[in-house]
2 protein chains.
Amino acid sequence: MIKIKRYKNNPIIVPKIIKPSRDDFEVIGAFNPAVAQYGDQTILLMRVAERPKQVSKELKIPFFSLSSKSIEVIDLDKTKFNLSDPRVAAPKNSKYDFNYLTSISHIRCARSFDGINFTIDDEPFIFPHNEYETFGLEDPRCTKIGDVYYINFSAVSPKGVCVELVSTMDFKSYKDEGVIFLPDNKDVTIFSGMSSGSYWALSRPSVPSTGNLDVWISSSSDLHEWGRHKKLFGGSNSDWDNGRVGAGIPPFLTPYGWLEIYHAANNKNEYSLGAILLDRDDPTKIIARYPKPIMVPEYEYETNGFFGKVVFTCGGILNNNDLIIYYGAADTNISVAKVNLDDILSGLEKNSNVEG
Amino acid sequence: MIKIKRYKNNPIIVPKIIKPSRDDFEVIGAFNPAVAQYGDQTILLMRVAERPKQVSKELKIPFFSLSSKSIEVIDLDKTKFNLSDPRVAAPKNSKYDFNYLTSISHIRCARSFDGINFTIDDEPFIFPHNEYETFGLEDPRCTKIGDVYYINFSAVSPKGVCVELVSTMDFKSYKDEGVIFLPDNKDVTIFSGMSSGSYWALSRPSVPSTGNLDVWISSSSDLHEWGRHKKLFGGSNSDWDNGRVGAGIPPFLTPYGWLEIYHAANNKNEYSLGAILLDRDDPTKIIARYPKPIMVPEYEYETNGFFGKVVFTCGGILNNNDLIIYYGAADTNISVAKVNLDDILSGLEKNSNVEG
């Protein structure tokens with residue numbers, strides 16, 4: 001078994017220390033952060049989920065209004081919606097996942113010089129501002145290419161869940177780079193370097209015709225246009241990954257190939273982490289895949305929260321031979337764990353299963 | 001009303017004149033053809049749907065086997081599948097569209113010197129041959145760029161419905177150009193020319209989160225990688241297009257902008273044709289949209305077939321000022337209609353509705 005060492009004082013960031021974007025809102029989650037090493041600083045690009053304080057019998061739903069260019073609140077009659085999944089409000093008897101989300105997420109920076117103690121920005125970094133983001137921005141990933149940090153995230157709106165890209169050089173301002181993957185798609189991670197002259201990305205398109213939620217791989221010459229799509233891997237029949245899979249940390253190069261730490265959910269919506277190794281020169285080829293999870297939700301802060309039993313990573317930092325994994329726990333807080341790279345790579349070598 | 005003139009001897013191609021790819025199969029549909037003008041010839045790249053002759057009480061399902069590299073047949077117990085949609089077999093109580101298709105489609109050429117009388121090739125042109133095509137190839141479109149004809153189509157398999165591209169210069173052999181749009185996506189049409197230095201395409205991604213089936217627009221520098229995706233238009237609340245929309249004929253340039261003839265289905269699965277005009281220099285801008293259908297299924301050959309009440313176009317030919325629309329009727333046969341371009345353009349100008 002690959003040894004993951006959690007930080008003893010987890011979680012390192014909890015919702016109550018985050019200033020809401022307005023006084024009548026409450027922050028219910030700070031989780032699933034992208035990670036950037038920016039000079040001496042470790043920056044977490046947190047997903048901050050907030051909602052109107054629930055002060056009446058109606059369910060108060062937040063959304064970004066294109067006409068007022070600000071967040072507005074509508075009151076829903078709770079009896080007319082299915083609220084069994086706390087994340088969404090779907091009209092009863094609808095076959096679709098949602099009409100509304102119960103919270104709205106933006107991206108906020110937390111900054112640290114030791115990777116453990118973070119100072120949280122008072123203001124959002126990337127806030128909903130266009131037609132694809134009216135229900136918020138979720139689950140960012142960050143990939144540094146040259147001097148530019150590229151940040152991609154799921155943009156949620158009545159148009160669906162698509163994937164947008166922005167770029168920054170200073171984590172103060174950013175430039176919109178447009179929609180890079182059509183809806184519905186999530187969990188896009190851009191490789192932290194080129195291979196065979198191309199950029200590469202993993203993504204997890206939704207496939208309603210057959211219900212598959214698998215990871216595909218695509219290549220690009222400019223980060224804006226993506227193609228040469230191939231299905232890379234799906235879940236298995238095991239009890240930790242028989243629901244779906246999605247990419248996690250942007251793949252990074254090791255002496256044995258591109259290492260990807262991904263998430264998998266079982267059919268009880270419990271999220272674990274897995275490891276897969278891709279060929280250095282042709283990342284569409286799987287070299288090795290660890291058949292078991294490398295991390296499962298175990299601790300109270302991972303099993304008890306807004307959406308329980310979730311460990312979900314969007315980024316990590318390589319520190320000598322240690323991979324520092326930042327992860328969202330229970331869709332609520334941010335925690336950190338450490339794993340020795342050799343331990344993962346030798347575990348992959350000894351226990352591989354390359355079936356996709 | 002825009003005047004569409006159907007050919008008096010429609011349909012021009014029916015399934016019974018098509019040779020099946022093997023003796024124990026029957027052709028049940030020749031429809032939804034892409035169209036190419038190749039020298040003096042008009043070539044229809046027909047979708048030919050065939051199935052095993054049904055000789056036993058089991059439902060015989062065809063699929064392309066990756067191990068034998070040929071079409072194989074499996075027997076399904078009819079009592080265990082929902083067969084209410086004749087096109088698919090879904091396990092009872094499944095929430096997914098299908099586990100199997102009841103027929104398998106390939107692409108076959110029909111060739112003509114007058115655009116009406118066609119000679120049908122005995123052999124398929126593009127036949128299932130890879131992991132994305134095990135349930136067949138559907139609804140091709142053809143766009144000539146330079147001397148090369150690019151053909152894209154929906155590739156259907158248990159991995160979902162994705163969009164592949166091939167190229168040909170002679171309609172005898174072709175080159176695989178890979179998967180250009182992730183699943184689930186359909187009805188991709190590549191513009192018949194560049195605009196502002198880019199190639200452009202319309203597509204219709206599936207969006208299970210909210211159920212939208214709308215047309216998006218994407219651009220490309222090389223036809224393989226696509227990005228800068230924007231939602232372009234959806235259906236309306238009218239009784240002809242309140243179900244979904246999808247692109248049809250590859251958009252072509254007129255003096256007023258890019259003209260697109262698309263299909264729309266209502267919530268009774270009746271398919272009509274509509275017209276929309278896009279800005280010459282920025283095709284993400286809608287100039288005009290005709291609020292009514294330009295063609296609805298009316299004639300017996302359009303209302304009675306494998307899947308009734310369908311007119312569905314994948315291609316046309318400009319002949320002086322006439323647009324010759326080839327279309328699939330009732331998912332069964334191929335018919336042809338003519339419309340004067342000025343009639344469409346003046347109709348668009350007078351009756352526009354640019355709401356998307």
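Which residues of helix H2 (residues 341-350) of chain A are buried? Before selecting them, keep in mind that this is a predicted model, in which local features need pLDDT of at least 70, side-chain atom pairs count only at pLDDT 80 or more, and totals for chains, interfaces and linings use all residues. Residues are numbered from 1 along each chain as its sequence is written, chains are lettered from A, and side-chain values use heavy atoms, with hydrogens and water left out.

Select H2(A), a helix being a DSSP run of H or I with at least four residues, and a strand a run of E with at least two, numbered from the N terminus. Its buried residues (under 20% relative accessible area, 1.4 Å probe, protein chains only; exposed is over 50%, partly exposed in between) are Leu341(A), Ile344(A), Leu345(A), Gly347(A) and Leu348(A). They lie on the same side of H2(A) because they cover an arc of only 160 degrees around the axis, taken from the directions from the helix axis to the C-beta atoms. The face turned away from that buried side carries the exposed residues Glu349(A) and Lys350(A).

Next, show Asn340(A), which caps the N-terminal end of H2(A) with a side-chain oxygen 2.9 Å from the backbone nitrogen of Asp342(A).

Then display the strands against which the buried residues of H2(A) pack, among them E21 and E22 of chain A. In the loop between strand E21 (257-265) and strand E22 (271-278), select Glu270(A), which counts as buried because its relative accessibility is 19%. Glu270(A) touches residues including Trp240(A) and Lys309(A), not counting residues up to four places away in sequence, where contact means heavy atoms within 4.5 Å.

Definitions and conventions
Polar contact = N/O pair within 3.5 Å; in protein donor to acceptor, adjacent residues only side chain to side chain.
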